[in-house]
Amino acid sequence: MDGDASGVEGDNCDWNSEDEREIDDFSLSSSSSLTPPNEETVTGSGEASSSAGSSNSKLFDKFIGMGFTEKMVAKAIQENGEENTDSILNTLLTYSTLETSPQEQQHIDSDNYSLDCDGSFLDGFSDGSWSDNEEITNTVFDEDDKLSSLMSMGYTRDEASIAMERCGLNASLVELTDFICAAQISKVEDAYLPVEEKPRPKLPCIDSAKLKKRKQYDYEMWKRKKQALLDDDETIRLPNPMIGFGVPNESHPTIHRTLPEAAIGPPYFYYENVALAPKGVWTTISRFLYDVEPEFVDSKYFCAAARKRGYVHNLPIQNRFPLLPLPPHTIHEALPLTRKWWPSWDERTKLNCLQTCIGSAKLTERIRKALEDYDGEPPLRVQKYVLDECRKWNLVWVGRNKVAPLEPDEVEMLLGFPRNHTRGGGISRTDRYKSLGNSFQVDTVAYHLSVLKGMFPGGINLLSLFSGIGGAEVALHRIGIPLKNVVSVEISEVNRNIVRSWWEQTNQKGNLIDLADVQQLNGDRLEQLMNSFGGFDLVVGGSPCNNLAGSNRHHRDGLEGKESALFYDYFRILDLVKNWSNVS
């Protein structure tokens, strides 16, 4: 994700990190799209006053372009006001119904009816053949006009095109919108009640009251089924507190676990991903990784920033120890210079999950303007606005009424990396934030890997899959375990350069082999590598979470998504390593 030409990151960011998707302490609806309270009558007001006439004209022309008469449009706008375009459209459709013949009226419902659906539900209507010689009659609009009109109503191009194909080019806009509505309902029903596809008969002629009643019933059924879908897609129930099998300085019962026989190491393995994945994901991950129970840990117990993660591993869980010196655990310990300016009404002691992007200069300026009119504490509504933005973007106080995003070196410190770790790759600030946002929290990982120190005093052979900026390598180095042979597999050239730079700067004595693509790491290549230095002692990885996290459930494809399906490559490679070790 790139910033603008001036190097300032914009508000509309590509949320492609595994961290920002975990923010659940505040509503995303109160993000940067929220207008500062004391600017409600200022922001955009000039444009509104100067363009009211042109806006009214555009709205009028828009509905005229859909085929409604000028008299009809003027009346609908007068009844509903200029702001509510949906109500205007429904009113116009009602007027059109009253003017049609009784036979046409049977297929029209003037009820206020809308579907809150994501994506197109017309996919199930896309099969079948139609005659190429179908007669096309002259209509009020040509094909392009109707397509544009339907898209301006909010329908997708696919929905509009399929509706025009099935209803014919001489169909009215009312008939087309009715077809799309029926298709959406049918698609949702088919998703839950799969049946053998049959040609859909034409609707029988029924009166408008019955059609309206049927549509209302279908809509209620659709709402219930949609809610069932959301309930089924809930994230798994996570432990509270999220301390896994134990964290430093927290009292917890002694835990003993028994690993399945197939999981017992060596070689040891350690897999990480976001804790807040859709329901069933961690069950699948656990099943593939030899039925090992996941360990869910929030890194707020290790540092001053939250980072909810799940870890599946076959490491011992007794005799762990933390990295020393212990990292700062609160914002003021980590960033002492902020204490002077921190207002009493900002009660944050921990930062939220660190993201791949930062708040823009425009945002911090809006916050300053929202606060500068008040000598003492601002009103509660202003406090809420400011705190919501500060939580979302991890903003800290750097002056009176002034907040700022974290600097890259501050993010490195919070995540346990050495200062200027990401600067070693010679990359931009934007790339540094992106690389850090997708990394391990080193102190957390090191605590889990610390049990290996006594097992490998002479050094370790590490296979690091999806290694990012080398979080596992840095953790082992800080624990004091020599890195004998490291095979680091990472698709990003930027990240590979960072790891290579760190390797050289820390004067590592072992061998670093970096590869670009896990999918090209086949059995022959693995066997060649393992034969050269005697196999791997530890396989670490955290496959992409792009399809596992996010506020929009409909875009979360789970482990079947293009990026997150790479988990299966982690398992494939791990299984090859284990089989080689068992045979050897």
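**Charges and rings in a predicted model**

Author: Welcome! This protein has 19 helices and 9 strands, and the model is a predicted one. Buried residues make up 49% of its 584 residues.

Reader: Thanks! Let me begin with charges: what makes Arg572 and Asp569 a salt bridge?

Author: The cut-off is 4 Å between a side-chain nitrogen of Lys or Arg and a carboxyl oxygen of Asp or Glu. Arg572 and Asp569 meet at 3.0 Å, N to O, so the pair falls within that limit and counts as a salt bridge. Both residues lie in helix 19 (residues 567–583), 3 residues apart, about one turn of the helix.

Reader: Why is Asp569 called buried, and why is Arg572 called partly exposed?

Author: Buried means under 20% relative accessible area, exposed means over 50%, and partly exposed is what lies in between. Asp569 has 12%, so Asp569 is buried. Arg572 has 28%, so Arg572 is partly exposed.

Reader: Which residues are joined into one network by salt bridges that share partners?

Author: That network consists of Glu365, Arg368 and Glu372. A search of the whole structure finds 14 salt bridges.

Reader: How do you know that Arg478 and Asp443 form a salt bridge?

Author: Their closest N and O atoms are 3.9 Å apart, and the limit is 4 Å, so the pair qualifies.

Reader: Which parts of the chain does that pair tie together?

Author: Arg478 lies in helix 16 (residues 471–479) and Asp443 in helix 15 (residues 442–449), so the pair ties together parts that are 35 residues apart in sequence. Asp443 is buried because its relative accessible area is 5%, while Arg478, at 33%, counts as partly exposed.

Reader: And Arg391 with Asp388: where do they sit in the structure?

Author: They are in helix 12 (residues 380–393), and because they are 3 residues apart there, about one helical turn separates them. They form a salt bridge as well, with the closest N and O atoms 4.0 Å apart. Asp388, with a relative accessible area of 5%, is buried, whereas Arg391, at 27%, is partly exposed.

Reader: Now the rings, please. How many aromatic pairs does the structure hold?

Author: The structure holds 15 aromatic pairs. One of them is formed by Phe269 and Tyr290, with 5.8 Å centre to centre and 55° between the planes.

Reader: Why is the pair of Phe269 and Tyr290 called tilted?

Author: Planes under 30 degrees apart count as stacked and those over 60 as edge-to-face, so the rest are tilted. An angle of 55° puts Phe269 and Tyr290 in the tilted group. The pair links distant parts of the chain: Phe269 is in strand 1 (residues 268–274), and Tyr290 is in the loop between helix 9 (281–288) and strand 2 (295–298). Phe269 is buried, with a relative accessible area of 0%, and Tyr290, at 12%, also counts as buried.

Reader: What makes Phe567 and Tyr568 edge-to-face?

Author: Their planes are at 65° and their ring centres 5.3 Å apart, so the pair is edge-to-face. Phe567 is buried at 0% relative accessible area, but Tyr568 counts as partly exposed at 24%.

Reader: Which cluster do the ring pairs build?

Author: Ring pairs link a cluster that includes Phe269, Tyr290, Phe567 and Tyr568, with Trp282 also among its members.

Reader: Last one: how do you know that Lys578 lies over the face of Tyr290?

Author: Lys578 is at 5.2 Å from the ring centre of Tyr290, and the distance cut-off is 6 Å, so the distance fits.

Note on methods
Residues are numbered from 1 along each chain as its sequence is written. This is a predicted model: local features need pLDDT of at least 70, side-chain atom pairs count only at pLDDT 80 or more; totals for chains, interfaces and linings use all residues. Side-chain values use heavy atoms; hydrogens and water are left out. Helices (H or I, at least four residues) and strands (E, at least two) are DSSP runs, numbered from the N terminus. Buried means under 20% relative accessible area, exposed over 50%, partly exposed in between (1.4 Å probe, protein chains only). Rings of Phe, Tyr and Trp (its six-membered ring) pair if their centres lie within 6.5 Å; planes under 30 degrees apart count as stacked, over 60 as edge-to-face and the rest as tilted. A charge sits over a ring if NZ of Lys or CZ of Arg is within 6 Å of the ring centre and within 35 degrees of the ring normal.
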